[in-house]
Structure formats: structure tokens, C-alpha cells
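Let's take a walk through this model together, starting from one side chain and working outward. Keep the sequence and the 3D view side by side as you read.

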Amino acid sequence: MAEQQEQAAPDAMMTRIGQVIMLHHGGDREEARSRFLDLWAEIGEDGDALHRCTLAHYMADTQDDPSDELAWDLRALSAAEELTDGRIAEHHESLAVRAFYPSLHLNLAADYVKLGRTEAARTHLRRARGAVGALGDDSYGDGVRAAIGRLELRLDGDGTPGSGEGPGSLGGPGSSGGPGGETLGPPRRRS
């Protein structure tokens, strides 16, 4: 019985994170940020890497300050580096760690653009471009590739973000990503 409860806990946390993601996408950014912080306190700095990666990846979108957004995106990348395909498969069998990296690096590149750190942005954009082979040939993968292309064009121009969607906006698919619409963890779509 205790083993079943332990097995259910990771799913329960991902569900709770997904609920906050929906709250944020529904427009309540402040409440989402507050609830993410509460969940982060529960998970802890050394908690489950999938939980930390997912929460940090989405928490970045609730930040007002680009430096804070960068800090959360760096936490997401650090947690992803601790993940294994086995851990991700426990959550959803069709996911692989390598599929997280295009979005993680794209969002870091966008953060660095906002901060005027063009070379750091280019570095992460190259990493995002180098990792796109892990994405499927579907609307989500197409959206990430298109967002990388848009940011590359901006950086090839004058290196400053333009108007309209943020450089990390992925467009295309919804934030859910899963076959049944469930939240799978990174990659994310900026709202």
C-alpha cells in the first residue's frame, strides 16, 4: 500500500503543477506564481528532477523581471540534466529527456535577448537548433522549430527583440502537449 502511494505521488504532483499551468494560461499570473512558489517549497531544491524541471520551466513565464525569468529557466535546465528517460517514461511513455532541450535552450536564448546578452542568446539558440532532431514531426515540433527560426532572424537583424510575440513564443500547439491534452512537462509554450 505504501508503495502504491509513493508511486501515485509523482503523478499527483504533476497534476498539481498542471493545474497551476492552466491557471496561468487562464490569465491569473500572480496567483499562478504564488502557487508555483508553494509547490516549489514542497518539492524542494533536491526534489524529483521531473517536478523541478517542469515547475521551473513554467514558473519562468510568470516572472516580471527578465533576470528572474532567466533564473527559473536555468533551474529547469539544471533539473533536466538530472533526468533519465526512465524517470520520464514513468510519467509518460512517449517522452524522452532529449526532447526537452530544444525548448529549454530556446527559452534561455529568449531570456538572454531580453537582457541584451546577445552572445549568450546565440549560444543557447545554437544548442536549441542542435537539439531539434529529438522533436517529432508534429505541430509541437514544427512550432518549436519555427520559434527558433524567428529568434535566429531577430538575432541576425539587430539583436534586439521586436514587437509582438516574445522570442520564445512557440505558437502552434497548446501547452498541454500530451495525446490526451495532459501536461507532460517541458517543453512549454509561452502564453
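Does K114 count as buried, partly exposed or exposed, and what is its relative accessibility? K114 counts as partly exposed, at 34% relative accessibility. Please keep in mind that this is a predicted model.

K114 has a partner to look for: it forms a salt bridge with E69, with the closest N and O atoms 2.8 Å apart. Because K114 lies in helix α6 (residues 101-114) and E69 in helix α4, the pair ties together parts that are 45 residues apart in sequence. The partner sits in another setting: E69 is buried, with a relative accessible area of 5%.

Now step back to the whole chain. Its secondary structure comes to eight helices and zero strands, so the pattern read along the sequence is α-α-α-α-α-α-α-α. Of the 191 residues, 49% count as buried. Contacts that reach across the sequence are well represented: among those between residues at least 6 apart, 60% join residues at least 24 apart. The accessible surface comes to about 9000 Å², and 47% of that belongs to carbon and sulfur atoms.

Next, turn to helix α3, residues 49-59. Eleven of its eleven residues are buried, so the helix is largely enclosed by the rest of the structure. Charged and polar side chains take part in this too, as the buried residues include H51, R52, T54 and H57. At the N-terminal end of α3, D48 acts as a cap, with a side-chain oxygen 2.7 Å from the backbone nitrogen of L50.

From here, salt bridges make a good guide, and a search of the whole structure finds 14 of them. One joins R29 and D64, whose closest N and O atoms are 2.7 Å apart. R29 lies in helix α2 (residues 29-43) and D64 in the loop between α3 and α4 (66-80), so this pair ties together parts that are 35 residues apart in sequence. R29 counts as partly exposed at 30% relative accessibility, while D64 is exposed at 53%. The pair also belongs to a wider arrangement, since R29, E30, R33 and D64 are linked in a network of salt bridges.

Finally, look at a salt bridge within a single helix. The side chains of E90 and R87 meet at 3.5 Å, N to O. Both lie in helix α5 (residues 85-91), three residues apart, and are therefore separated by about one helical turn. E90 is partly exposed at 49% relative accessibility, whereas R87 is buried at 12%.

Terms used. Residues numbered from 1 in each chain as written. Predicted model: local features only at pLDDT ≥ 70, side-chain atom pairs only at ≥ 80, totals over all residues. Heavy atoms only, no water. Helix = DSSP H or I, 4+ residues; strand = E, 2+ residues; numbered from the N terminus. Buried < 20%, exposed > 50% of the residue type's maximum accessible area, 1.4 Å probe, protein only. Contact = heavy atoms within 4.5 Å. Areas by Shrake-Rupley, 256 points an atom, 1.4 Å probe, with all protein chains shown as cover. Polar contact = N/O pair within 3.5 Å; in protein donor to acceptor, adjacent residues only side chain to side chain. Salt bridge = Lys/Arg side-chain N within 4 Å of Asp/Glu carboxyl O.
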